[in-house]
Amino acid sequence: MEDINGLSIPSSIAIIMDGNGRWAQKRGLSRNMGHKEGCRTVEQIIEDCARLGVKYLTVYAFSTENWKRSEDEVTGLMQLFRYYAGRLLAKARDNNVRVLMIGDRSRFPKDIIASIDRLESETAGNTGMTFVMAANYGGRDEIRRAAARYAMDAKDGKTDPSELTEEEFSEYLDTKSIPDPDLLIRTSGELRLSNFLLWQCAYSEIVITDVYWPDFDRDELIRCITEFNGRKRRFGGV
Ligand code: IPE
Ligand code: IPE
Ligand code: MG
């Protein structure tokens, strides 16, 4: 862990970025305007986390359940993704950030899949923070896909189910190279996981802030990290 002014900075942080819609509604704006503001926050928080010495930042951008939203909202989110993919690439280059995607990307339009591939390949050599974007991600869906791949390997004789360990199974998850979150932040005051990183958050410290995601900033991040610093992690021990 990095140490900033006596504060230990968790090396792996995950964020459920929630409240874009309510942020917009409060201002009489469309939900999509809230998402646009939310994208600005993502850009800023990537930079803040990288500078604070966070090693892994994982954000929940779009869940496997978010397809249920109106066509207008889903289309708006796809458009934002197209626009921000380019900005994200520049941001990653400027901050030596490596970008990874988790989730089932096969359901996205072809051009978005191509820009995800490009973000990953062009930043693969960056040695600073790893920024992980969860898109069309669901914890259950991830575990289902991992179990299916594991079963295929077992059928092919490549692995023996009677010897399966948690470590081996973790290798089949989308997050295989990403450490479990030390700190999980959810904005907008909701007290639930909404299918995010179900396996990985087994022992994450959860901090909930009432701030809507578009209003989340470095000060709020520091407040969340300060709350994390006051926690005693036991991992089942005493
Ligand atoms: C989070 O904000 C962003 C996504 C889920 C894409 P919401 O859109 O869920 O905002 P609220 O919860 O309706 O305020
Ligand atoms: C979780 O937020 C998904 C993302 C932040 C991408 P939701 O707004 O979709 O979650 P619920 O519906 O309130 O549980
Ligand atoms: Mg929400």
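In the predicted model, the side chain of Ser194 places an N or O atom 2.6 Å from an oxygen atom of ligand 2. On its own, ligand 2 has 390 Å² of accessible area, of which the protein covers 77%. Two further side chains make polar approaches to this ligand: a polar atom of Asp18 is 3.2 Å from an oxygen atom of ligand 2, and a polar atom of Arg186 is 3.4 Å from an oxygen atom of ligand 2. The surroundings of ligand 2 consist of Ile16, Met17, Asp18, Tyr60, Ala61, Phe62, Asn66, Arg69, Arg186, Arg192 and Ser194. By class, this shell contains five nonpolar, two polar and four charged residues. Strand 4, spanning residues 56-63, contributes its largest share, with three residues.

Ligand 1 is surrounded by Met17, Asp18, Gly19, Asn20, Gly21, Arg22, Arg31, His35, Ala61, Asn66, Arg69 and Glu73. In this shell, two residues are nonpolar, five are polar and five are charged. At least two shell residues come from each of helix 1 (20-26) and helix 2 (31-52), and helix 1 provides the largest share, three residues. Met17, Asp18, Ala61, Asn66 and Arg69 are listed around ligand 1 and also around ligand 2.

Polar approaches to ligand 1 involve both side-chain and backbone atoms. An N or O atom in the side chain of Arg69 is 2.7 Å from an oxygen atom of ligand 1, and a polar side-chain atom of Arg31 is 2.9 Å from an oxygen atom of this ligand. From the backbone, an N or O atom of Gly19 lies 3.4 Å from an oxygen atom of ligand 1. The protein buries 87% of the 380 Å² that ligand 1 exposes when taken alone.

The space taken by ligand 1 is the largest pocket, and the space taken by ligand 2 is likewise the largest pocket. The volume of this pocket is about 830 Å³. Its lining comprises 38 residues, and Met17, Tyr60, Ala61, Phe62 and Asn66 are the closest to its centre. Each of these central residues appears in the shell of ligand 2, while Met17, Ala61 and Asn66 also appear in the shell of ligand 1.

Several secondary-structure elements take part in the lining of the largest pocket. Two or more lining residues are given by each of helix 1, helix 2, strand 4, helix 3 (71-94) and strand 6 (130-137). Among these, helix 3 gives the most to the lining, with seven residues. The lining as a whole is made up of 20 nonpolar, nine polar and nine charged residues. The shells of the two ligands have their own compositions, with two nonpolar residues around ligand 1 and five nonpolar residues around ligand 2.

The second largest pocket holds about 350 Å³ of space. Its lining is formed by 19 residues, and those nearest its centre are Ser170, Asp180, Trp199, Gln200 and Ala202. Eight of the lining residues are nonpolar, four are polar and seven are charged.

The analysis also yields one cavity of 30 Å³ or more. The largest cavity contains about 40 Å³ of space. It is lined by Thr58, Thr175, Ile178, Pro179, Pro181, Leu197 and Gln200. Of these lining residues, four are nonpolar and three are polar, with no charged residue present. Gln200 thus belongs to the lining of the largest cavity and is also listed among the residues nearest the centre of the second largest pocket.

Definitions and conventions:
Residues numbered from 1 in each chain as written. Chains lettered and ligands numbered in written order. Predicted model: local features only at pLDDT ≥ 70, side-chain atom pairs only at ≥ 80, totals over all residues. Heavy atoms only, no water. Near = heavy atom within 4 Å. Polar contact = N/O pair within 3.5 Å; in protein donor to acceptor, adjacent residues only side chain to side chain. Areas by Shrake-Rupley, 256 points an atom, 1.4 Å probe, with all protein chains shown as cover. 1 Å grid on protein atoms, 1.4 Å probe; cavity = no way out; pocket = protein on both sides within 12 Å on 5 of 7 lines; lining within 4 Å. Sits in = over half its atoms within 2 Å of the grid points. Helix = DSSP H or I, 4+ residues; strand = E, 2+ residues; numbered from the N terminus. Nonpolar A, V, L, I, M, F, W, Y, C, P; charged D, E, K, R; others polar. Points joined across faces, edges and corners; volume = space filled by probe spheres on them.
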